[in-house]
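Here are some questions and answers about how the parts of this protein are described. Have the picture open beside you as you read.

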Amino acid sequence: MKTEIIKTFPCIPPELFARGRFEFRPGASAVIIYGLPFADYLKIRAHSSGALKTVALQSPKHKHLFDPTIEKPAWTFGSGTHCSVLEPSHFTERFAKWDVFNCESGKLRPRRKDSDYYKDWCAEHEGQKCLTPDEYDLALAMHSIVHGHPRVLGEGLLSGGAAEVTLVWEWRPGTFVKVRCDYLNQGGAADLKTTRVKMIIGGEGLLLNESAVRGYHVQVSLYDDAVAAAIPDWSNPFNLIFVEKSEPHCVAVLELDEAWLTHGRELYESAIETTIKCRETGIWPGPFDAEIINGHEPIWAQSDKLKADYSGVA
């Protein structure tokens, strides 16, 4: 099987075969890789879902600056939550508490990466990412919060399968796409999202807006198609599982309808074609490089309420 995969997917470096478990089914146009570390995922020479989403929602110019190795503090908390919920046995080996305090004030020092105390902390916690004490404890608590949700528990959305599953898909002959699915089991696939959106009764629209703005329809349609390419008889749902970052840490499960998935599919396919063209020409345009914007005053700016009244001023 290894020889066949190497021949079919030349974008996968041969040394990765020792880093994960490969599954390539008869009739499939995508390969599944279990247990592949994220650092090795980055070595696969293929269009990534994050880069394609950037092209679709922002511009090729933004994608050209896209660096998946850069992680913001908020993303670190998201990574910690993912690990706690999806791979709890690995949490303490991958994450540690940022416990550097100011001796004079007794307050926690900021995590400035250029500071000596940050460098010292990293040396003491090699291979671990830092979370503040509050972030660390909350990430741990997220496991029972998410798994205790009636739909997550009742539907078995995060049980009986595998976490952080890599798929490499030959989208078109010679054109490869890679995705990293948060969770995959026989009943479906799922992606976990931490969110600042407040979940209230009748507030479904807030989650839908969040999904549209962040391009989750692009991501889910691509993931869903990649899984279907790897498992030819696949027809199971792909769910987005949201959990609030702040109390009361409500959880919601979202399944995108077919019309939204179709739109997402159109966007990622266009993004692939655009990226290929940009690589061929070496030109990565911004969103407004091809047009002059026809300026008209926004409706909100036309309001008389914005006009100051100085008639009563002496």
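Q: What makes strand E8 and E9 count as paired, and which way do they run?
A: In this predicted model, seven bridges join strand E8 (residues 188-195) to E9. Pairing asks for at least two bridges, so these strands qualify, and they run parallel. One place to look is Ala 189, whose bridge partner in E9 is Phe 238.

Q: What makes E9 and strand E10 a pair, and in which sense do they run?
A: Strand E10 (residues 251-254) shares four bridges with E9. With at least two bridges needed, E9 and E10 count as a pair, here in the antiparallel sense. Two spots show it: Phe 242 stands opposite Ala 252 in E10, and the bridge partner of Val 243 is Val 251.

Q: Why is strand E9 called largely enclosed?
A: Seven of the seven residues of E9 (residues 238-244) are buried, so the strand is largely enclosed by the rest of the structure. Phe 238, Leu 240, Phe 242 and Glu 244 point one way, while Asn 239, Ile 241 and Val 243 point the other way, and all are buried.

Q: What lies between E9 and E10?
A: The two strands form a hairpin, with six residues between them. Pro 248 lies in that loop, and the peptide bond leading to Pro 248 from Glu 247 is cis, with omega near 10°. His 249 is in the loop too, with a positive phi of about 55° although it is not a glycine.

Q: Why is His 249 called buried?
A: The relative accessible area of His 249 is 13%. Buried means under 20%, so His 249 earns the word.

Q: Which residue in strand E6 has a positive phi without being a glycine, and is that residue buried or exposed?
A: Look at Glu 164, which has a positive phi of about 50° although it is not a glycine. Its place is in strand E6 (residues 162-172). The relative accessible area of Glu 164 is 15%, and the limit for buried is under 20%, so Glu 164 is buried.

Q: Why is H3 called roughly perpendicular to H12?
A: The two helices pack at an angle of about 95°, with their axes 8 Å apart. Angles of 65 to 115 degrees count as roughly perpendicular, so that is the name for how H3 lies against H12. By class, their contact has six nonpolar, two polar and no charged residues.

Q: Which residues meet where H3 and H12 touch?
A: From H3 come Leu 52, Val 55 and Ala 56, and from H12 come Leu 267, Ala 271, Ile 272, Thr 274 and Thr 275.

Q: Which residues of H3 are buried, and what covers them?
A: The buried residues of helix H3 (residues 49-57) are Ser 49, Ala 51, Leu 52, Lys 53, Thr 54 and Val 55. What covers them includes strand E3 (47-48), helix H4 (60-64), strand E7 (175-185), helix H11 (216-230) and helix H12 (258-281).

Q: How do you know that Pro 60 is buried?
A: Pro 60 is found in helix H4, and its relative accessible area is 11%. The cut-off for buried is under 20%, so Pro 60 is on the buried side. Leaving aside neighbours within four places in sequence, Pro 60 is in contact with Val 55, Thr 274, Cys 278, Trp 284 and Pro 285.

Q: How far is Pro 60 from Ser 144?
A: They are 84 residues apart in sequence and 40 Å apart in space, C-alpha to C-alpha.

Q: Why is Ser 84 called buried?
A: Ser 84 sits in helix H5 (residues 73-86) with a relative accessible area of 2%. Buried means under 20%, so the label fits Ser 84.

Q: What makes the link between Ser 84 and Ala 139 a polar contact?
A: The side chain of Ser 84 reaches the backbone oxygen of Ala 139 at 2.7 Å. A polar contact asks for a distance within 3.5 Å, so this one passes on distance. Beyond neighbours within four places in sequence, the contacts of Ser 84 are Phe 91, Ala 139, Leu 140 and His 143.

Methods. Residues are numbered from 1 along each chain as its sequence is written. This is a predicted model: local features need pLDDT of at least 70, side-chain atom pairs count only at pLDDT 80 or more; totals for chains, interfaces and linings use all residues. Side-chain values use heavy atoms; hydrogens and water are left out. Buried means under 20% relative accessible area, exposed over 50%, partly exposed in between (1.4 Å probe, protein chains only). A polar contact is a pair of N or O atoms within 3.5 Å; within protein, one must be able to donate a hydrogen and the other to accept it, and residues adjacent in sequence count only if both atoms are side-chain atoms. Contact means heavy atoms within 4.5 Å. Axes are lines fitted to C-alpha atoms, for helices over the stretch in contact, and angles run from 0 to 180 degrees between N-to-C directions. Angles under 35 degrees count as roughly parallel, over 145 as roughly antiparallel, 65 to 115 as roughly perpendicular and the rest as oblique. Ala, Val, Leu, Ile, Met, Phe, Trp, Tyr, Cys and Pro count as nonpolar, Asp, Glu, Lys and Arg as charged, and the others, Gly among them, as polar.
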